[in-house]
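Welcome, and please open your viewer. We will take this structure one selection at a time, pausing at each stop to see what is there.

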Amino acid sequence: MSAQDSWEQPSEPGRPAAAASRGSARRWLPWVVMAVVLAVALVIGSGTRSGSETVSQRVDRIARDVRCPSCSGQSVAESDAPTAVAVRQLITDRVKGGRSDASIETELAHSYGSGILLRPPASGVAAVVWVVPAVAGAAGVIGLVVVFRRRRLGDGGGSGVSAEDRALVEQALR
Amino acid sequence: MTAALAVAVVVGALVAVLATRPSASSTTTASPLLGKPAPEVSGPALTGGPVDLSSLRGRFVVVNFFASWCPPCQVEEPELVQFAFQHRAADDARVLGVVFADSSASAARFLASTGAVWASVADPGGQVALAYGVRGPPETFVVAPDGRVVARLLGAVKATDLEQVLSRARAEGA
């Protein structure tokens, strides 16, 4: 059995491989936890639009995304101004009438313009506010991957162990 | 010396701009409804009898959202009276009032005190105001004889402002 073989299949089975495995697991654990938390948050977040939503909950949700026409910086959910009350009533009537969220928002935008919506539409020029964060996020992830890969390659060709260290270990195992 | 001359030129230009701009008692402004069919206004008039915007086709209609508690509405009311009087003989333009967030009794008293003789309708749920995209009184929309909205004016209107709107609309083929 060569020295190289003894490194890859150690005479004391399990110890170096297990240590490396534990180190690798430790390194990836925070990322795995973060991914799980993100997935759970997305599931919970998307669950608010489930079919179990009541009329009142749906009206409140839509109202939070509609600007009060006669107030400054408030949604119709937050204001008791006459126009806000009228908009909430319109939303309630349309929800009870089985209209979709998009259809209700389109009706309000038909009278007041798209500025009535606090959540920008995902089309036209306003779509930039959705696209820019997505592109920035993707660029960030790609940047992190590149940086981590370069760092790992710089540490010893991807194995994480220098030739000198390898020689020392081989010597100790003889 | 040069600096003083520059300041004098800037101040002079500012004064010229402020002195020559049109009266700002009302402002013609953008609306998603411009060029589109006017939303329906119908119901019992405060003074009795039915009111229906579509039945007034063939003449200009000045749809005026007002309230008795609104000071600019009190300012513009004599101007609307004058406008209505000027067009009474030719019957080429009418005023149609819509009560905004006010009781019918208060609005009727207010109209009677100012000599307004045109029909006005109540808008209890504010749904007519919503259809027009009204943010607060006074707001005025000019509807062309073919039923399209040709102008939206914010603030207290003057009879001369309305005449200018009518002249412009006629020049554009309304």
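Begin by selecting chain B: of its contacts (heavy atoms within 4.5 Å) between residues at least 6 apart in sequence, 71% join residues at least 24 apart. Before going further, know that this is a predicted model, in which local features need pLDDT of at least 70, side-chain atom pairs count only at pLDDT 80 or more, and totals for chains, interfaces and linings use all residues. Residues are numbered from 1 along each chain as its sequence is written, chains are lettered from A and ligands numbered from 1 in the order in which they are written, and side-chain values use heavy atoms, with hydrogens and water left out.

**Stop 1: chain B as a whole**

Switch to a cartoon view. Chain B has 5 helices and 8 strands; these are DSSP runs numbered from the N terminus, with helices being H or I of at least four residues and strands being E of at least two. Trace the sequence and you will meet the pattern α-β-β-β-β-α-β-α-β-α-β-β-α. In chain B, 41% of the 174 residues are buried, where buried means under 20% relative accessible area, exposed means over 50%, and partly exposed lies in between (1.4 Å probe, protein chains only). Now turn on the surface: chain B exposes about 8500 Å², and carbon and sulfur atoms supply 63% of that. Accessible areas come from the Shrake-Rupley method with a 1.4 Å probe, and for residues only the protein chains shown count as cover.

**Stop 2: a glycine in a strand**

Select G97(B), which sits in strand 5 (residues 93-99) of chain B. Is G97(B) buried or exposed? G97(B) is buried, with a relative accessible area of 0%. Add N64(B) to your selection: 33 residues separate it from G97(B) along the chain, yet their C-alpha atoms are 4.8 Å apart. Leaving aside neighbours within four places in sequence, the contacts of G97(B) are N64(B), F66(B), W118(B), A119(B), S120(B) and V121(B).

**Stop 3: two helices of chain B**

Two packed helices are described by the angle between their axes and the distance between the axes. Show helix 2 (residues 71-86) and helix 3 (residues 104-114) of chain B, which pack at about 50° with their axes 10 Å apart. Axes are lines fitted to C-alpha atoms, for helices over the stretch in contact, and angles run from 0 to 180 degrees between N-to-C directions. Helix 2 and helix 3 of chain B are therefore oblique to each other; angles under 35 degrees count as roughly parallel, over 145 as roughly antiparallel, 65 to 115 as roughly perpendicular and the rest as oblique. To see what makes the contact, display C73(B), Q74(B), E77(B) and V81(B) from helix 2 of chain B, and F110(B), L111(B) and T114(B) from helix 3 of chain B.

**Stop 4: backbone details in the loops**

Most residues other than glycine have a negative phi, and most peptide bonds are trans. Select D91(B), in the loop between helix 2 and strand 5 of chain B: its phi is positive, near 50°, and it is not a glycine. D91(B) is partly exposed, at 26% relative accessibility. Next, pick A101(B), in the loop between strand 5 and helix 3 of chain B. A101(B) has a positive phi of about 50°, although it is not a glycine, and is partly exposed at 39%. Finally, find P138(B), in the loop between helix 4 (127-132) and strand 7 (139-143) of chain B. The peptide bond from P137(B) to P138(B) is cis, with omega near -5°.

**Stop 5: chain A**

Now move to chain A. How many helices and strands does chain A have? Chain A has 7 helices and 0 strands. Of its 174 residues, 21% count as buried, and the chain exposes about 11900 Å², with 62% supplied by carbon and sulfur atoms. Among contacts in chain A between residues at least 6 apart in sequence, 43% join residues at least 24 apart.

For the last selection, show helix 3 (residues 55-64) and helix 4 (residues 82-96) of chain A, whose axes come within 10 Å and cross at roughly 130°. Helix 3 and helix 4 of chain A are therefore oblique to each other. The residues making the contact include V55(A), V59(A) and I62(A) of helix 3 of chain A, and I91(A) and V95(A) of helix 4 of chain A.
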